[in-house]
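User: I should like to understand how the terms used for a protein model are justified. Please take me through the reasoning step by step.

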Amino acid sequence: MALIEFHLDSRSGVPTYLQLANQVRHAVQLGILRPGDQLPTVKEVVSGLAINPNTVLKAYGTLETDGIAEGRRGQGTFVKSSAPAPLGDDFGNLRRSLRDWFGRARAAGLDDRAIEALLSEQHSSGSAKRVA
Amino acid sequence: MTWLGWRLQRTETIVALGIVALLSALLVPTGINMWDAYNHGGLGACLGANPGFSCGNRIGNFRAQFQSLSDLANWFTLVPGVIGVLLAAPFVADLENGTYRLAWTQSITRGRWVFTKLGLSLLAALLAGGALTLLFDWWRGPTAHLDGRLDTGIYDSTGTVMLGYTLFALGLAIALGVLWRRSAASLVVAFIGYFATRILVDYKLREHLVSPLTATWKGAQQPAFLNDARILSLRATIHGHEVLSGGGGGFIGGTGKVGAAPGLKNAIFHAVYQPNSHYWPLQLTETALFAGVALLLIAFAAWRVLRTD
Amino acid sequence: MSAALETHGLGKRYGSQWALRDCTLEIPRGSVTALVGPNGAGKTTLLRMAVGLTRPSEGSVRVLGLDPRADAAETLPRVGFLAQEHPLYGAFTVAEMLHVGRSLNPGWDDESARARIAELGLPLKKKVRSLSGGQRAQVALTLALAKRPEVLFLDEPVASLDPLARREFMQTVAEAVAEHELTVVLSSHILADLERVCDHLVILAVGRTQLAGSIDEIVATHRLLTGPRDSAEDVARVHEVVRESHAERQTTLLVRANGHVYDARWTVHELDLEEIVLAYLGQDAARRREAVVS
């Protein structure tokens, strides 16, 4: 039985392979996946989601490049021992400031949609945008 | 492929053999009765001893007992048509509903598929047709002795022609089905075609399959060589004037006589006829004709299917 | 190594009507290709020519480097085909259908076929005609896969299926691709069915290929350009304009970009695959309407 299950948001505009990779990253951060754990096999993912196997391979490929997972020939893909540690109290400060910010946003009258729009605007202006 | 070919025509083959079995169940008991009456009732002995001589009573008894049955049996000549057309159904249905595409995209070639399927339906037709032929030939025995083998109704159901008819019906239905790709319609039209062809051959073609003989004689007494013959045309002249003429279409059976009117004692008769001895040449020629056409039709169907787009 | 499917100027004529014309494409091995186009575009004709059911009127078609008609004996064992109506012998039981596969294919993998049928929960003694549409499709797919083909052609495989059956069917296809080195070509007039599993796309419309290539590349190179009402001339000099439309104050262009779009007059948007495909099909429909009117 696979340790985690993937889901897809076909409307998000985020490429499938990225969604899969992010979900693995997220699981590692939350401690659901630990170093040495095996990621779902290509067949398991493909069977559950009816997607192209190459997409899974691409997702796992980026995880390998980022040092989060490693492929072992004939066995599968596993979480690397050197993967970033799960979020713990190390990020307590960040958590607190986020809570404060949300409090202020609500007080300013922003609803969920407005908050989301603000967040994604700041988030994407942070990452590089490639044009054609 | 052999397994598949057989499995696809399993139902129809069983039905065809079932029809033969049903007919056997009907005909064997009556056939035994007829042969019994013929042998032990003395009819056979009488006819054998006195060819052309009237065995009045015995004939009358026999006819009283079996004539109606014999007349009914004339309709059995349609059975080869039913069986032949039935055995063509699986092949045509496969083409009609597109399942042939499944078979053609496995690993065997089209040729093998066509060859096996047609071969198996031919085999089934030979089996069923052969069984019919034997059954009828045996059943008709006594009546054939009585009315002559060349009588139309009897000729049709004795000898080997029934086998030819079965193959012909099969070939016609397959060829039509391949062209039309509609099983119900093709089978119906094929049966009608079978019927029409049979009538044509029975009444127009048959007499010419083997060259008839001619004879001339004087006086109204039918010569012996005309016993059990089929007379195609008959003329009588007195001093060169024609007093009697008639075409064929009728059989003069073993005990019949050419018109014995008193005034014809001095007439000169002229007849064109098929003698009894021509029975087998006629049978084999007609069988070969029908079977040959059947094989041509099947070969055509195979060629057409192989070229399907 | 030869392509899974290669055609050059392939065409098929019925009487005076061309069902497919001037079709040139190459489908690489290992890809899962969506063959999309409206009904009557020639998808079925193309697939039938690929498996040797139909003879080309002009041009050539090669599967794994072989002629599917002339080299049928060699090609057939390596190619799988699932026709649109999922032909099966209605009066046969599921077990007998497997027997068909076994007796007609030397390379038949009976164990996996039986395992698959068991996985699907289909009783072997059940007659095919009493199966649901989705179950029939799965049986037909099992048959096509159990002969271990190298290339699998599926003609509108999910058109008649309900959404759940559709998803299950595509799952089976995706699994088969993951497990074996299988090239798949699926045709459909509904792109959404195929998008998830496919990595290549061929758009066929009015019997001609309009667009062919890897989906990643197609999505990466097509862009929507919006700007104040202006002519497409300048853009058209550098990029291929697939569709242009003008509102009173705004112009919208859908282009296949040849490199970066540097022009500051235009705002550049990315597109999802469905938009791109519709643009090609729409442009084609417009041309057809013009042809009818003129």
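User: What makes strand E1 and strand E2 of chain C a pair, and in which sense do they pair?

Analyst: This is a predicted model. Strand E1 (residues 5–14) and strand E2 (residues 17–27) of chain C are joined over seven bridges, in the antiparallel sense. Two strands pair if there are at least two bridges between them, so seven bridges satisfy the criterion. One of the partnerships places Thr7(C) with Leu25(C) in E2(C).

User: What is found between the strands in the hairpin of E1(C) and E2(C)?

Analyst: Two residues lie between the strands of this hairpin, and Gly15(C) has a positive phi near 65°.

User: Which strands of chain C form the open sheet, and in what order?

Analyst: The open sheet has three strands in the order E2-E1-E4 of chain C, with antiparallel pairing.

User: Why do E2 and E4 of chain C stand at the edges?

Analyst: E2 and strand E4 (58–63) of chain C each have a single partner strand, so one side of each is left without a neighbour in the sheet. On average, neighbouring strands of this sheet are turned by 25° against each other, with direction ignored.

User: How many bridges join E1(C) to E4(C)?

Analyst: E1(C) and E4(C) run antiparallel and are joined by five bridges. The criterion for pairing is at least two bridges, so these strands count as paired too. Across from Glu6(C), in E4(C), stands Arg62(C).

User: Why is Val85(B) called buried?

Analyst: Val85(B) belongs to helix H4 (residues 79–96) of chain B. Val85(B) has 28 C-beta neighbours inside 10 Å. A residue is buried if 20 or more other C-beta atoms lie within that distance, so Val85(B) counts as buried. Over the whole of chain B, buried residues make up 43% of the 309 residues.

User: Which residues is Val85(B) in contact with, leaving aside its neighbours within four places in sequence?

Analyst: With those neighbours set aside, the contacts of Val85(B) are Ala169(B), Ala173(B), Leu187(B), Ala190(B) and Phe191(B). Among contacts in chain B between residues at least 6 apart in sequence, 80% join residues at least 24 apart.

User: Why are H8(B) and H9(B) called oblique to each other?

Analyst: Helix H8 (residues 161–180) and helix H9 (residues 183–205) of chain B pack at an angle of about 140°, and their axes are 8 Å apart. Angles over 145 degrees count as roughly antiparallel, and 65 to 115 as roughly perpendicular. An angle of about 140° falls in neither class, and therefore the two helices are oblique. Their crossing is right-handed.

User: What classes of residue make the contact of H8(B) with H9(B)?

Analyst: The residues that make this contact include Phe168(B), Leu172(B) and Trp180(B) of H8(B), and Ser183(B), Val189(B) and Tyr194(B) of H9(B). By class, the contact has eleven nonpolar, four polar and no charged residues.

User: How many residues of chain B are in contact with chain C, and which helices supply them?

Analyst: On one side there are 16 residues of chain B, in contact with 22 residues of chain C. Helix H1 (2–40) and helix H5 (100–104) of chain B each supply at least two residues of the side of chain B that touches chain C. The largest share of that side, four residues, comes from H5(B). By class, that side of chain B has seven nonpolar, six polar and three charged residues.

Definitions and conventions: Residues are numbered from 1 along each chain as its sequence is written. Chains are lettered from A and ligands numbered from 1 in the order in which they are written. This is a predicted model: local features need pLDDT of at least 70, side-chain atom pairs count only at pLDDT 80 or more; totals for chains, interfaces and linings use all residues. Two residues are in contact if their C-beta atoms, placed from the backbone, lie within 7 Å. Ala, Val, Leu, Ile, Met, Phe, Trp, Tyr, Cys and Pro count as nonpolar, Asp, Glu, Lys and Arg as charged, and the others, Gly among them, as polar. Axes are lines fitted to C-alpha atoms, for helices over the stretch in contact, and angles run from 0 to 180 degrees between N-to-C directions. A residue is buried if 20 or more other C-beta atoms lie within 10 Å of its own, exposed if 12 or fewer, and partly exposed in between; C-beta atoms are placed from the backbone. A crossing is left-handed if the near helix is turned anticlockwise from the far one by less than a right angle, and right-handed if clockwise.
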